[in-house]
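Me: Could you take a close look with me at how helices pack against each other in this structure? I am in my first year, so please explain the terms as you go.

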Amino acid sequence: MKDIFDECQFGEFKLKSRIIRTGGWERDTEDGGFLKPKVFDRYEKMAGNEVGLIVSEMFALDPKDRFYPYCANMNYKGFIKDYKQVTNLSHHFEVPILGQLAFFFFDDGTNQKAEPNDISLEGIRKLQAEVVMAAKKFSFAGFDGIQINMAHNFYLARFINPYFNQRTDDYGGSTEKRMRIVVEIIKLIKKMVGCHVSFRINAVDGRKGGMTLDESFKIAKILAEAGADSVQITARTISFKFGETGDHAFLSYADRMAKELDIPVILGGTLRDMKTMNEILNETDIEFLSLAKPFVAQQDFLSEWKENGDGVSRCRACNNCYGKKESNCFQFGDE
Ligand SMILES: Cc1cc2nc3c(=O)[nH]c(=O)nc-3n(C[C@H](O)[C@H](O)[C@H](O)COP(=O)(O)O)c2cc1C
């Protein structure tokens with residue numbers, strides 16, 4: 001029998017549970033971008049209360065990026081100091097932590113919004129160099145690796161998607177060619193930084209002519225073969241529905257992936273109670289589950305669940321946190 005509180009192996013990391021906290025927005029800053037004390041409190045509560053792995057809030061590359069005002073930030077003088085404290089807190093409780101990189105626009109030097117079809121070869125090299133540099137910065141700050149968000153509608157999700165990418169050079173056309181930019185990034189990070197490289201990918205994107213389940217599966221295989229260390233499954237909208245049978249929308253897809261891939265596969269979204277999560281673990285080969293909003297509503301709930309042998313998140317999925325772009329809960333935030 002599998003249980004969310006099993007100690008388990010996740011690639012090179014030993015986890016104290018199968019639960020991955022997946023990130024949100026971080027704009028609780030003051031005085032030139034330094035993190036407010038409550039950010040450290042949040043991390044301490046998560047790490048000290050049975051979470052297996054933490055993925056940070058998203059960091060964007062460019063101050064002109066669409067989500068930059070709501071993002072965690074690596075371009076201020078306190079970045080290493082602040083995030084060394086965050087990663088130290090996590091490591092104090094023996095919880096590995098990945099930094100998430102997500103960017104919507106890419107400035108190739110001549111065009112601040114160079115879309116996948118427009119970006120030049122020099123622009124692609126610039127993009128790859130900036131992603132490797134971000135991995136390096138995460139590593140300096142004590143993160144155990146990088147998670148590259150290639151999901152939702154972010155830049156790399158568009159680059160690998162046939163709906164957006166009609167390039168006729170070596171970076172467009174077949175799935176393999178659209179993935180080339182990413183495969184090269186993996187190899188570069190492995191060579192230059194040597195850290196864990198995780199990807200967030202869409203199972204589907206809901207667009208006609210866009211990403212299908214079959215192509216997404218192929219992409220996950222290409223990632224694993226290129227040296228990626230884990231994949232986390234999501235979709236373009238965060239409010240995807242459960243399947244008709246009441247199962248999680250991507251249950252069979254994630255199960256197939258967990259069976260066929262040699263790297264950890266994380267399923268997430270809409271998971272709220274321990275009973276359902278243990279059923280998923282025991283009825284499939286899925287081994288890791290991610291939660292976001294439950295950690296916004298309460299950072300230390302997993303300890304209560306472990307002690308009681310059961311539990312349901314108090315998150316009411318009002319999505320105010322998402323709408324207002326912050327990691328404070330509108331129902332329970334002042335407690
Ligand atoms: C406030 C908020 C901010 C989010 N920001 C990010 C993000 O920066 N990167 C990311 O990959 N997902 C982000 N998400 C999506 C979540 O990681 C997650 O996929 C989604 O909320 C569904 O999971 P849940 O039902 O457990 O909340 C965010 C979600 C919320 C609510």
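Reply: Happy to help; here is a walk through one helix pair. This is a predicted model, where local features need pLDDT of at least 70, side-chain atom pairs count only at pLDDT 80 or more, and totals for chains, interfaces and linings use all residues. Residues are numbered from 1 along each chain as its sequence is written, and side-chain values use heavy atoms, with hydrogens and water left out.

Two packed helices are described by the angle between their axes and the distance between the axes. Our pair is helix H1, residues 37–47, and helix H2, residues 79–92. Helices (H or I, at least four residues) are DSSP runs, numbered from the N terminus. The axes of H1 and H2 come within 8 Å and cross at roughly 20°; axes are lines fitted to C-alpha atoms over the stretch in contact, and angles run from 0 to 180 degrees between N-to-C directions. H1 and H2 are therefore roughly parallel to each other, a label for angles under 35 degrees. Their crossing is right-handed, meaning that the near helix is turned clockwise from the far one by less than a right angle.

Now for the residues that touch. H1 brings Phe 40, Tyr 43, Glu 44 and Ala 47 to the contact, while H2 brings Asp 82, Gln 85, Val 86, Leu 89 and Ser 90; contact means heavy atoms within 4.5 Å. Sorted by class, five of these residues are nonpolar, two polar and two charged. Ala, Val, Leu, Ile, Met, Phe, Trp, Tyr, Cys and Pro count as nonpolar, Asp, Glu, Lys and Arg as charged, and the others, Gly among them, as polar.

Note on methods. Helices (H or I, at least four residues) and strands (E, at least two) are DSSP runs, numbered from the N terminus. Angles under 35 degrees count as roughly parallel, over 145 as roughly antiparallel, 65 to 115 as roughly perpendicular and the rest as oblique.
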